[in-house]
Amino acid sequence: MSTALIECVKRYTERQTEQRVAQTGPFMTAIDGMAVLRSDHKKNPSHLIMRPALCVVVQGAKWSTFGDRRYDYRAGQALVVSVEMPAFSRVVQASPAEPFLAVVIEFDVAAMRDVMASLDAPLKSQTTPGRGVFVADFEGPLSDCVLRLMRLLDTPEAIPIVAPLIRKEMCYWLLSGPQGHEVARVVLGSGHVQRVVSAIHTLRDQFTQTVRIEELAAVAQMSPSAFHKQFKALTSMTPLQYQKQMRLLEARHMMAAGDANAEVAAYQVGYESPSQFSREYARMFGAPPKRDIATLKAG
């Protein structure tokens, strides 16, 4: 990764920290759908929900786990996420002298479709889903696009006009690069892929409700067994695991915000038994709700 990009991202985070004394990130930028991450130390693993985006590592290293698959990525690489999914992540290379730095850019699917239609030899996304997450090299023209987006933050009046052009250029380099077919498949999936993604959106939007696998399979227009297989291939987890993690993450958010205690949060996210909720919560976060939230707030 270029020294210019490292310095640009580092200066931006330092300015943000100076302006918001207690803020350490993520830093939401003036460019819609773009955020900057910084960590001066290795971090304990954290649970989060990742949206479809590129997570470009500028300096340092990190890993993220989706279901039963782990992805390691470092400077010069990007994690490509195609579907909103719960994940487990950790910064593994960072120090005050060389902090972990990353730029997260959400996908502009409309712009990507426009670019894809304009290619001399249009890509055809595959109809069978591969993994909904992969690691891609992110250097050369793509790195230069990120640098120009970061520099654009110094001239906010130009952002509405110039930022969409740079993001469209990024779409071109992504689709015309060696992993263009993979990008097209996971971001612009058609056929079976798109129907499985529609079912994932249904599960995401209704995660507090009891959803039968047959209902999700019907959304995907597949048999239950075929849908289960395709869902696992795309997300690295079963529909039940996806729903459980979404429920527990939402409950944790509610309790950390002070909106509910453990029992209320359990019922609101769809659990019928607070004791089952506490067991599964402790299994996921390493401590029962009350102790975990106390630790979270203290940190």
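1. V91 is a good place to start: with a relative accessibility of 6%, this residue counts as buried. It belongs to strand β8, which covers residues 85-93. Please keep in mind that we are looking at a predicted model. Once neighbours within four places in sequence are set aside, V91 is in contact with S39, H41, K42, K43, A61, K62 and F100. If you want a long-range distance to check in your viewer, take V91 and A287: they are 196 residues apart along the chain, and their C-alpha atoms are separated by 21 Å.

2. Next, have a look at T235, a residue of helix α8 (residues 224-235). Its relative accessible area is 1%, so T235 is buried. The side chain has two backbone oxygens to note. One is the backbone oxygen of F231, which lies 2.9 Å from a polar atom of the T235 side chain. The other belongs to M237, and the side chain of T235 reaches it at 3.0 Å. Beyond four places in sequence, T235 touches F66, G67, M85 and I200.

3. Two backbone angles deserve a moment in any geometry check. As background, most residues other than glycine have a negative phi. S236 is not a glycine, yet its phi is positive, at about 70°. This residue sits in the loop between α8 and α9 (239-256). With a relative accessible area of 3%, S236 is buried. Q221 also has a positive phi without being glycine, with a value near 55°. Its place is the loop between α7 (213-219) and α8. Is Q221 buried or exposed? Q221 is exposed, because its relative accessible area is 60% and the cut-off for that class is over 50%.

4. Now for the pair of helices α11 (residues 274-285) and α12 (residues 289-298). They pack at an angle of about 40°, and their axes are 9 Å apart. That angle makes α11 oblique to α12. Which residues make the contact? On the α11 side they are F277, S278, Y281 and F285, while α12 contributes P289, D292 and I293. Sorted by class, this contact has five nonpolar residues, one polar and one charged.

5. Still in helix α11, E280 is a residue I would ask you to inspect. E280 counts as buried, because its relative accessibility is 12%. Its side chain and that of Y271 are joined by a polar contact of 2.4 Å. Apart from residues up to four places away in sequence, E280 touches K244, L248 and Y271. Y271 will come up again in the point on rings below.

6. On to the aromatic side chains. A pair of aromatic rings is described by the distance of the centres and the angle of the planes. How many aromatic pairs are there? The count comes to eight aromatic pairs. One of them is Y172 with W173: the ring centres are 5.0 Å apart and the planes stand at 70°, so this pair is edge-to-face. Y172 is partly exposed, with a relative accessible area of 39%. W173 is partly exposed as well, at 31% relative accessibility.

7. For another ring pair, go back to helix α11. The rings of Y281 and F285 have centres 4.5 Å apart and planes at 50°, so this pair is tilted. Why are the two residues about one helical turn apart? Because Y281 and F285 are four residues apart in helix α11. Y281 counts as buried at 0% relative accessibility, and F285 counts as buried at 12%. Ring pairs also link Y271, F277, Y281 and F285 into a cluster.

8. A last suggestion for your viewing session: put the observations on α11 together. F277, Y281 and F285 are among the residues that make the contact with α12, and ring pairs bring these three into a cluster with Y271. Y271, in turn, shares a polar contact with E280, side chain to side chain.

How values were computed:
Residues numbered from 1 in each chain as written. Predicted model: local features only at pLDDT ≥ 70, side-chain atom pairs only at ≥ 80, totals over all residues. Heavy atoms only, no water. Axes fitted to C-alpha atoms, helices over the stretch in contact; angles between N-to-C directions. Parallel < 35°, antiparallel > 145°, perpendicular 65-115°, else oblique. Contact = heavy atoms within 4.5 Å. Nonpolar A, V, L, I, M, F, W, Y, C, P; charged D, E, K, R; others polar. Buried < 20%, exposed > 50% of the residue type's maximum accessible area, 1.4 Å probe, protein only. Polar contact = N/O pair within 3.5 Å; in protein donor to acceptor, adjacent residues only side chain to side chain. Phe/Tyr/Trp six-rings, centres within 6.5 Å; stacked < 30°, edge-to-face > 60°.
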